[in-house]
Amino acid sequence: MEYSTFGRHVAVDAWGVRYDLLNDADWLKDQLVEAAEATGATVLSVQSRQFEPQGATVLVLLSESHLSIHTYPEKGFAAIDCYTCGETVDPQNAIDRLMEALKPERVHAKKLIRGLGDIEVETPIMKQPELVR
């Protein structure tokens with residue numbers, strides 16, 4: 001069987017996220033796993049860490065690659081990325097699902113097209129979550 005090296009990597013800086021959401025590693029873990037599974041990705045393992053006095057990191061290892069978040073609740077900031085290999089799982093879908101849960105006030109995002117030679121950089125179309133505060 002021959003495997004494709006094609007992959008898509010979406011990186012997002014999310015600003016203006018509620019402190020309590022960014023400071024709850026268990027809640028974040030549930031959100032990342034749900035986002036990964038909703039896109040059809042295969043979750044292999046999950047690592048999470050709650051930091052003191054605040055902050056969290058969650059890494060979801062996928063058969064297709066990974067989904068991760070690193071949070072800075074005191075700044076209302078989260079660094080999120082999702083990389084998937086192949087054509088079947090679109091990382092943008094996982095990112096969109098996370099944005100719906102986090103409801104950031106603003107996002108900055110890039111999509112990298114990898115595994116075809118030069119890395120192509122695109123600005124993905126981000127769904128705007130409904131801000132309910």
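For this tour, Lys and Arg count as positive and Asp and Glu as negative, while His and the chain ends are not counted. Each charge is placed at NZ of Lys, CZ of Arg, CG of Asp or CD of Glu. Now select those residues: the chain has 13 positive and 21 negative charges, and the mean positions of the two groups are 4 Å apart.

Before you click on, note that this is a predicted model, where local features need pLDDT of at least 70, side-chain atom pairs count only at pLDDT 80 or more, and totals for chains, interfaces and linings use all residues. Residues are numbered from 1 along each chain as its sequence is written, and side-chain values use heavy atoms, with hydrogens and water left out.

**Stop 1: the whole chain**

Switch to a cartoon view. You should find three helices and seven strands. Helices (H or I, at least four residues) and strands (E, at least two) are DSSP runs, numbered from the N terminus. Trace the chain from that end and the order reads β-α-α-β-β-β-β-α-β-β. The radius of gyration is 15 Å, close to the 14 Å that the globule rule gives for 133 residues, so the chain is as compact as a globular protein of that length. (That radius is taken over C-alpha atoms, and the rule is 2.2 Å times the number of residues to the power 0.38.) Along the principal axes, the C-alpha atoms fill a box of roughly 45 × 30 × 25 Å.

Try a surface view next. The accessible surface comes to about 7400 Å², and 49% of that belongs to carbon and sulfur atoms. Such areas come from the Shrake-Rupley method with a 1.4 Å probe; for residues, only the protein chains shown count as cover. Buried residues make up 44% of the 133 in the chain. Here buried means under 20% relative accessible area, exposed means over 50%, and partly exposed is in between (1.4 Å probe, protein chains only).

**Stop 2: Val 12**

Select Val 12, in strand S1 (residues 7–15). Is Val 12 buried or exposed? Val 12 is buried, with a relative accessible area of 1%. Now show what surrounds it, using contact to mean heavy atoms within 4.5 Å. Not counting residues up to four places away in sequence, Val 12 touches several residues, among them Ala 78, Ile 80, Ile 95, Met 99 and Met 126. Add Lys 110 to your selection: Val 12 and Lys 110 are 98 residues apart along the chain, yet their C-alpha atoms are separated by 6.7 Å. For the chain as a whole, residues 24 or more positions apart account for 62% of the contacts with a separation of 6 or more.

**Stop 3: Gln 92**

Hop over to helix H3, where you'll find Gln 92. Gln 92 is buried, with 7% relative accessible area. Setting aside neighbours within four places in sequence, Gln 92 is in contact with Val 10, Lys 111, Pro 124, Ile 125 and Met 126.

**Stop 4: the two cysteines**

Select Cys 82 and Cys 85. A disulfide is a covalent bond between the sulfur atoms of two cysteines. The cut-off used here is a pair of cysteine sulfur atoms within 2.5 Å. How many disulfides does the structure hold? Zero. Why is Cys 82 not bonded to Cys 85? The sulfur of Cys 82 is 10 Å from the closest cysteine sulfur, in Cys 85, and that is too far for a bond. Cys 82 is buried at 2% relative accessibility, whereas Cys 85 is partly exposed at 33%.

**Stop 5: some backbone oddities**

Most residues other than glycine have a negative phi, and most peptide bonds are trans. Go to Pro 53, in the loop between strand S2 (43–50) and strand S3 (56–62). The peptide bond from Glu 52 to Pro 53 is cis, with omega near 10°.

Then try Ser 65, in strand S4 (residues 65–72). Its phi is near 150°, a positive value in a residue other than glycine. Ser 65 is buried, at 18% relative accessible area.

Lys 103 also isn't a glycine, and has a positive phi of about 50°. Look for Lys 103 in the loop between helix H3 (91–102) and S6; it is partly exposed, at 25%.

**Last stop: Ile 119**

Finish in the loop between strand S6 (106–114) and strand S7 (120–122), where Ile 119 lies. Ile 119 counts as partly exposed, at 49% relative accessibility. Leaving out residues up to four places away in sequence, Ile 119 touches Leu 112, Ile 113 and Arg 114. The C-alpha atoms of Ile 119 and Ile 80 are separated by 19 Å.
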